[in-house]
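Student: Got a minute to go through a model with me? I'd like to know where the labels come from.

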Amino acid sequence: MPIYRFMVTPCKWTLGLCKDVIPDHGSRMFRRCRRKLWHPLRPYTGSVPSSPDSKLKNSEMSTQSERPLHTPVMVNEVLQFLDIKPGQVVLDLTFGAGGHSKAILQSIPDVMVVVADRDPTAFQMAQRLAEEYPGQVKPVLGRFSELNNLLPTLGVDPGGVDAALLDAGCSSMQMDSAERGFSLSKDGPLDMRMDRDRYPDMPCAADVVNALDQQALASVLAAYGEERHTRKIAAAIAQARSVYPIGRTLQLASIVAGAFPDSALYARRDRLQRPSHVATKTFQALRIFVNNELNELHAGLHVAQTLLRPKGRLCVLTFHSLEDRLTKRFLRGEDLAAPPRRSIRQRAKAQHGLEREEHKEEEEEEEEGENEDGERGRESAHWVSLKKVIKPCEEEVQENPRARSAKLRTAVRR
Ligand SMILES: C[S@@+](CC[C@H](N)C(=O)[O-])C[C@H]1O[C@@H](n2cnc3c(N)ncnc32)[C@H](O)[C@@H]1O
């Protein structure tokens, strides 16, 4: 029986990173929770998506005349900052449907793009692009945490990359495909593994909701979903699975919805003020947990740090505050194991349990930075990062609502 390495250290100041990156801060409750997460999880026996070796399905490969599988975010801003010159080597750590890579190949002659993704579907698309641009695209299938071993085999060595892009999170191609199990509006197996079944020991979301005890589940929801009603949701899940195992996305969405009165179902609003389902944060938390996303992001930033040459440029696109805070602190050279630096006001608010207000304040600070000294660089041992956080323009958000929560952080390697 496999022992899964998944565990939670969701002390609030570690951003929910798992213990293999961030040392333990010793909260008794979370230590207990982690011990429980070492419990071997039942392998998922429901229907699984096609094997990585199988041919891509038509639904996963759009032709150019169809709607794009994923609309890349802030392409112009990324290209402008990366400032790639002909003949340079670019690393796209998150190929997805290849939108950013294609834009780079189309706008810069003789560029070499090394493209990575952990998703076998994305990898197959990257291989197709490599055929379209012979000698200019090097695809690699792997997680960020594997790239330090994989890239040297492709001749990509430390200091050998001129520009790098990390576009964090999931692609629309993953989110929109019911069989991948990320979507709370399309019924499918509760899967959520970006790697598909490349790692048979890796638990999927159904394993997590069926095997974690109630308290551990609540911790996952709090740490990775920043969900307030964790106990209520965890209790509803525990109650439901005692009757019947949870294996489908819509099943989970309705179990979470059942924990709330009807009036609360769509009472939450997203950044475009559109109603958002009460289970949205639960799905986000599970996805981050299943894919170990925050540790992986940390590993991806390290890969960029190792491979970029001095004065090499980095763009990081993030889509929620956990990713963005981690990126900001990494580029500032902060010790991620230490509590984040906080103003006296922020500390006082945190002590009074006003965490949410604090995040709002953090965002306001960033916006102030944009107006006052947005262009000024902040130097750490490895990076000069611009304080200014770039956000998509109104027009882009209207055209592509998924861009609404995007933040682009930019930095130059020292
Ligand atoms: C937002 S999409 C990228 C979209 C892409 N820029 C485009 O224009 O189509 C993020 C991609 O990163 C991949 N990914 C996420 N975490 C990863 C990791 N730890 N290692 C490798 N790839 C990862 C996902 O599988 C997904 O395909």
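Student: Is the crossing of helix 9 and helix 10 right-handed or left-handed?

Tutor: Right-handed, for helix 9 and helix 10. Keep in mind that this is a predicted model.

Student: And why are helix 9 and helix 10 called oblique to each other?

Tutor: Helix 9 (residues 230-243) and helix 10 (residues 249-258) pack at about 125°, with axes 8 Å apart. Roughly perpendicular covers 65 to 115 degrees and roughly antiparallel starts over 145, so the pair ends up as oblique.

Student: Which residues of helix 9 and helix 10 make the contact?

Tutor: Helix 9 brings Ile233, Ala236, Ile237 and Ala240, while helix 10 brings Ile255, Val256 and Gly258. By class, that contact has six nonpolar residues, one polar and no charged.

Student: On to the sheet. What makes strand 3 and strand 8 its edges?

Tutor: The open sheet has eight strands in the order 3-2-1-4-7-10-9-8, with mixed pairing. Strand 3 (137-141) and strand 8 (377-379) each have a single partner strand, so one side of each has no neighbour in the sheet.

Student: How do you know that strand 9 and strand 10 pair?

Tutor: Pairing takes at least two bridges, and three bridges join strand 9 (residues 383-386) to strand 10 (residues 407-413), running antiparallel. Trp383, for instance, has Arg413 in strand 10 as its bridge partner.

Student: Which elements each supply at least two residues of the shell around the ligand?

Tutor: Helix 3 (99-107), strand 2 (112-117) and helix 12 (293-307). The shell has seven nonpolar, nine polar and six charged residues.

Key. Residues are numbered from 1 along each chain as its sequence is written. This is a predicted model: local features need pLDDT of at least 70, side-chain atom pairs count only at pLDDT 80 or more; totals for chains, interfaces and linings use all residues. Axes are lines fitted to C-alpha atoms, for helices over the stretch in contact, and angles run from 0 to 180 degrees between N-to-C directions. Helices (H or I, at least four residues) and strands (E, at least two) are DSSP runs, numbered from the N terminus. Angles under 35 degrees count as roughly parallel, over 145 as roughly antiparallel, 65 to 115 as roughly perpendicular and the rest as oblique. A crossing is left-handed if the near helix is turned anticlockwise from the far one by less than a right angle, and right-handed if clockwise. Two residues are in contact if their C-beta atoms, placed from the backbone, lie within 7 Å. Ala, Val, Leu, Ile, Met, Phe, Trp, Tyr, Cys and Pro count as nonpolar, Asp, Glu, Lys and Arg as charged, and the others, Gly among them, as polar.
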